[in-house]
Amino acid sequence: VEMIVKDLQPLSIVEDQGLCLLGKNQLCLNAGELSLIKETVVALRPFEEVTQEVSSEKHVSVSKVIPLVSLIHRAVAACEHQGSSLATQLAQQCQRRFRGIESIHCLAASTFLDVRFKHLGFRDKDNVEVLKKRLHTEMQEVYQTGQSAPTLTVSSTPTVSSALGPSTSGSIPSPPPAGPAATKGGIWTDFDMQVVSSQHHRSASSDVLIEIRRYSEEKLIPRDQDPLVWWQEHEQTFPSLSRLAVRYLGIVASSVPAERIFSKAGEVVSKKRSRLKGKTVNLLLFLNKNLMMPILAEKH
C-alpha cells in the first residue's frame, strides 16, 4: 500500500489521459480516495513495525511485547485524534485484544528482566509491584535450590554453571563461613553460631529483595544492545535474577521462527531428496540455522 501511495501523485497527472483512454474510468482515484489511502498507511505503519520486531529470531523478542503494545496504543491514539475512522476501530480492537496483557507473568517477567526496559515498558505501575512479589518468590526457590546446608566450616560454593551447564559461569551466594572462634570453640562459640544462623536466614529472605532493588537501580542499556550479553557480564552480581533472566528471555514472541523452519524443511526434502531420514533432516535444519553462529561470535 505504501508503494502505491508513492506512485499515486504522478498517476493523478496522467490518469485521465491513460485510464480514461483505456475505458478504465472506475480505476481513477479522486482526492477523497487518495486521502483515505494515505490515512490508512499512516494508521497501519506502526503495526508493520511491530510485526517485524516480534518476528525476529536472532534477538530477544518476548520482552518487547508489552512495550510494543504500549507504543501501539500511543500511535493509534495519535491517529485517532487526527480524525481517522480506521484508527478508531483499531484502537477499539487493541483495547479488546490486549486487555490484561501486563498481567501475563511470562511477558511481564521478561520485560522487567530486560535491562533495556525494566519497569518503563509498563503502562500500569501497579503490575510492576505484583510482578516483583512473584519474582521474589521465584528467586527464593532458586536461592534455596542452589545453596548448600549451613555449616560452621568453609565449604565450596555451588555455581550457576552446575545448574545451567558449562556455557555459563557465576556463583549462587552461600552462607558465609564461621570465623576462627567458632571453629576453635571458646566463649564466643554460641555467639558465632547465632551469627551464622542469622546470616543464613537473612540470605534466604532478604538478599533477594536487595538483589531486586539493586537491579532496579541499574542504568538502562541502549535499545540496540543484547540484554543476554549484559546478564552474562553481571551474572555474579545478580546470581538469582540471572537464572530467571535465562529462563524468561529465551522465549520467542511468535511462531514465525517455527514457520521458517517448516519452509526450510520443504526446501530440504524435495522430490530428488525424498528418501532422507527424519534424523538427517533434523541435522540439516540444525546446521542451516546454527552453522554461522560461531563465525558471528568470533566477529563480535
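Here are four short exercises with worked solutions on a predicted model.

**Exercise 1. Two covered helices**

Task: Find out how many residues of helix α5 and of helix α12 are buried.

Solution:
- Step 1. Start with helix α5, residues 105-113. Going along the helix, you should mark H105, L107, A108, A109, S110, T111, F112 and L113 as buried.
- Step 2. That makes 8 of the 9 residues of α5, so this helix is largely enclosed by the rest of the structure.
- Step 3. Now turn to helix α12, residues 239-249. Its buried residues are P239, S240, L241, S242, R243, L244, A245, Y248 and L249.
- Step 4. With 9 of its 11 residues buried, α12 is mostly covered.

**Exercise 2. Three residues of α5 and one from the loop**

Task: Look at H105, A109 and T111 in turn, and work out what each one touches, leaving aside neighbours within four places in sequence.

Solution:
- Step 1. H105 has 12% relative accessibility; the cut-off for buried is under 20%, so H105 counts as buried. Its contacts are L131, R134, L135, E138 and Y248. With Y248 there is also a polar contact between the two side chains, at 3.1 Å.
- Step 2. A109 has a relative accessible area of 0% and is buried too. L131, L135 and Y248 are the residues A109 touches. Pick out L135: this residue is 26 places from A109 in sequence, yet their C-alpha atoms are 7.7 Å apart.
- Step 3. T111 is likewise buried, at 0% relative accessibility. Around T111 you will find S63, I66, P67, F117, K118, G121 and F122. The T111 side chain reaches the backbone oxygen of S63 at 3.1 Å.
- Step 4. One of those contacts, K118, deserves a second look. K118 sits in the loop between α5 and α6 and is buried, at 1% relative accessible area. Most residues other than glycine have a negative phi. K118 is not a glycine, but its phi is positive, about 55°.

**Exercise 3. A pair of helices**

Task: Decide how helices α2 and α3 run relative to each other, and what kinds of residues make their contact.

Solution:
- Step 1. Take α2 (residues 31-54) and α3 (residues 65-81): their axes come within 9 Å and cross at roughly 170°.
- Step 2. Angles over 145 degrees count as roughly antiparallel, and therefore α2 and α3 are roughly antiparallel to each other.
- Step 3. List the residues in contact. α2 brings V42, A43, P46, F47, V50, E53 and V54, while α3 brings L68, I72, A75, V76 and C79.
- Step 4. Sort them by kind: 11 are nonpolar, none is polar and 1 is charged.

**Exercise 4. The nonpolar cores**

Task: Identify the residues that touch the most other members of the largest nonpolar core, and the elements that give two or more residues to this core.

Solution:
- Step 1. The largest nonpolar core has 30 residues, and F112, L113, Y215, W231, L241 and L244 touch the most other members.
- Step 2. The elements giving two or more residues are α3, α5, α6 (125-146), α10 (207-217), α11 (227-233) and α12.
- Step 3. Try L244 as an example. Beyond neighbours within four places in sequence, L244 is in contact with L113, L135, E138, M139 and V142.
- Step 4. Finally, look for another core apart from this one: 11 residues form it, including L68, I72, C79 and A87. L68, I72 and C79 also belong to the α3 side of the contact with α2.

Key. Residues numbered from 1 in each chain as written. Predicted model: local features only at pLDDT ≥ 70, side-chain atom pairs only at ≥ 80, totals over all residues. Heavy atoms only, no water. Buried < 20%, exposed > 50% of the residue type's maximum accessible area, 1.4 Å probe, protein only. Helix = DSSP H or I, 4+ residues; strand = E, 2+ residues; numbered from the N terminus. Axes fitted to C-alpha atoms, helices over the stretch in contact; angles between N-to-C directions. Parallel < 35°, antiparallel > 145°, perpendicular 65-115°, else oblique. Contact = heavy atoms within 4.5 Å. Nonpolar A, V, L, I, M, F, W, Y, C, P; charged D, E, K, R; others polar. Core = buried A, V, L, I, M, F, W, Y, C linked by side-chain atoms within 4.5 Å. Polar contact = N/O pair within 3.5 Å; in protein donor to acceptor, adjacent residues only side chain to side chain.
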